[in-house]
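Please work through the exercises below with the sequence and the structure at hand, and try each task before reading its solution.

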Amino acid sequence: MLKFDDFFHLPQLDDCIAELARVRQGMIIIAGLDPRPQGGGDLLPSGRSTMFRALLGTILNDAKLTAAIVAGQRDTVRVGRAQQRRVRAYVAQGERGYAGQIARALERKPDFLIIDRLDSDSAPAAFAAAKNGVCVLAQLDSVCRGREVAHHLSDHGVAPELVAQLGWVVAVERLPTLCRHCRQPAAPSAGQLEELRDMLRNLPNSAFPAGEIACFSAPGCKHCEFRGRLGDVAVFDIYRAAPAAAVLPRELYLWELVQRGMLALDDMLSHDAQQLYRTYHQLSHSAEALAEANSSLQRNIAQLESANRVLEQRTAALRSLQDIGQALTRSTDLTDLVGRMCQRASELCEADKVILYLARARGEAEVLAVHGWQRELLGKRVPLDFAPAAGGEPANFSGWPPGISEQHADLAGFTLRAGLRVALVSEGQALGHMIIQSTQKARFAPAEVALVGAFADHAALAIRRADLLDARLRQERLEHELEMARRVQQSVLPRVFPQ
Ligand SMILES: [Zn+2]
Ligand SMILES: [Zn+2]
């Protein structure tokens, strides 16, 4: 456990801590700001949790005490081996919040209840426990000191009659010290003296010295990077609520440090304004950091979304390829097959116009399927030369597909923008081609082009098979009809040749 003597403090603090360690009722609060990520602000961490653990160690030195510690993390509640029999720890996490864990802790009726943070969840329960006679030691993330802490507590939902349980407030902060390399004695100005007199006037027994006043200033040197400040020191303010007294007021503590040459007189005189400014600075930096984190989060989400879109397209592509694969083994209906291909091709690359031509007689092709075009085009014959596009990757295509008469955009209601011409080639034979177009986007992404290319290979194979089956069916039908005709002919022919 930490001890107070492990870090620098004024001897006046020892008496206060000794008195605090004897307290056995009411609420003892250690107030100070939580450490916050340094975002360029120059607010020093208050060192509050260190003081908290030091005070806790001092209190638990009393071997007769039993205590319960409720904390948000297991690390905070680690207790020395010697104390484990009389000090129990409860971690407040998730389902088991502070209020619930405090209730559990109180079932064992400890002398002391120790809480690592007071907030809207823990504060009302902690004060209720204090009212029931348990002495409570707790930390509060606050810039307030002394009596002001009571206001802060009512913000956390502590009822006014419970605030009366507040016994002691130890406020702690850290301030930058004068650089010991370049500090030198400096006589205070008349104005500074007046301010100082004003600041110390309200102290219980006036600390204002009668004789010569010694203080220091530091102009800056290479050790302190010409800032005149190097290192920092803890500053305390100890307040007792009943009977109300500033037992060790911050002004007195600051003044002692000034006289020892640790603090600049100006830093003492403008303490409140500086702390306010630093707190504001920290706050605005936090806000900036938050905004930055937020926008980077938005960027990440956008990237994830686009990655997800690609993934969805790939999945759709796989489904299409699988679909065509199944059609390859199942479908014998060419019209059904090519209709589905147009649909899939449009899904693959988010195209809204697809037309599929199949080679028929030499130099002629038939529109066999459309997606996004008028169905009247089906069956239309157009002169077409497949030779140049036979095989290879999908090629860019612009303009209007063969067989569709060109229209002005105003009349058509759309403009053809991105376009691909995809050859359907199987076993070196050009079966036809698809023209895939978008009225929405200027170009197809490389991934979309690649997908359409892979898709076209499968599609061509499926078409070839269906076409062959089609041909065979026609052949069979022809043979069947011929057979019928033969039978009819045979039946009308006389069985016996005329003699
Ligand atoms: Zn000491
Ligand atoms: Zn210096």
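The exercises that follow concern a predicted model, and each task is followed by a solution in steps.

**Exercise 1. Domains**

Task: State into which domains the protein chain is divided, and how many Å separate their centres.

Solution: The chain is divided into domain 1, covering 4–269, and domain 2, covering 307–485. Taken over C-alpha atoms, the centres of domain 1 and domain 2 are separated by 78 Å.

**Exercise 2. Two zinc sites**

Task: Identify the donors of the zinc ion (ligand 1) and of the zinc ion (ligand 2), and decide whether the site of each is tetrahedral or irregular.

Solution, step 1: For the zinc ion (ligand 1), the coordinating atoms come from D5 (OD), H9 (NE2) and D14, the last of which is listed with OD twice, at 2.1 to 2.4 Å. Along the chain these donors follow the spacing D-x3-H-x4-D.

Step 2: Four donors count as tetrahedral if all angles lie between 85 and 135 degrees. The angles among the four donor atoms of the zinc ion (ligand 1) are 56 to 153°, and the site is irregular.

Step 3: The residues of this site can also be examined for exposure, where D5 is exposed with a relative accessible area of 60%, whereas H9 is buried with a relative accessible area of 11%.

Step 4: The zinc ion (ligand 2) has as its protein donors the SG atoms of C179, C182, C221 and C224, which lie 2.2 to 2.3 Å from it. With angles of 107 to 111° among the four donor atoms, the site of the zinc ion (ligand 2) is tetrahedral.

Step 5: The donors of the zinc ion (ligand 2) follow the spacing C-x2-C-x38-C-x2-C. C182 lies in the loop between β6 (166–178) and β7 (184–186), and C221 in the loop between β8 (215–217) and β9 (229–240), so the pair ties together parts that are 39 residues apart in sequence. C182 counts as buried at 8% relative accessibility, and C221 is buried with a relative accessible area of 13%.

**Exercise 3. The buried side of a helix**

Task: Determine which residues of helix α3 are buried, and which elements they pack against.

Solution, step 1: In α3, which spans residues 98–106, the residues Y98, Q101, I102 and A105 are buried. They cover an arc of only 105° around the axis, which puts them on the same side of α3.

Step 2: An α-helix has 3.6 residues a turn, so residues three or four places apart point the same way.

Step 3: The buried residues of α3 pack against the strands β2 (67–71), β3 (87–91) and β4 (112–115), and also against the helix α4 (122–131).

**Exercise 4. An open sheet**

Task: Give the order of the six strands in the open sheet, name its edge strands, and describe the pairing of β11 with β16 and with β12.

Solution, step 1: The order is β13-β12-β11-β16-β15-β14, with antiparallel pairing. The edge strands are β13 (381–383) and β14 (395–396), each of which pairs on one side only.

Step 2: Six bridges join β11 (residues 353–359) to β16 (residues 429–437), and the two strands run antiparallel. Across this pairing K353 stands opposite Q437, and Y357 stands opposite H433.

Step 3: Six bridges also join β11 to β12 (residues 364–371), again antiparallel, and here L358 stands opposite E366. β11 and β12 form a hairpin with four residues between them, and G363 in the turn has a positive phi of about 75°.

Step 4: β11 is mostly covered, since six of its seven residues are buried.

Definitions and conventions
Residues are numbered from 1 along each chain as its sequence is written. Chains are lettered from A and ligands numbered from 1 in the order in which they are written. This is a predicted model: local features need pLDDT of at least 70, side-chain atom pairs count only at pLDDT 80 or more; totals for chains, interfaces and linings use all residues. Side-chain values use heavy atoms; hydrogens and water are left out. Donors are N, O and S atoms within 2.8 Å of the metal (3.2 Å for Na, K and Ca); water is not among the atoms, so sites may look incomplete. Four donors count as tetrahedral if all angles lie between 85 and 135 degrees; four count as square planar and six as octahedral if opposite donors are over 155 degrees apart and all others between 65 and 115; anything else is irregular. Buried means under 20% relative accessible area, exposed over 50%, partly exposed in between (1.4 Å probe, protein chains only). Domain bounds come from an automatic or database domain assignment. The arc is that of the directions from the helix axis to the C-beta atoms. Contact means heavy atoms within 4.5 Å. Two strands pair if DSSP finds at least two bridges between them.
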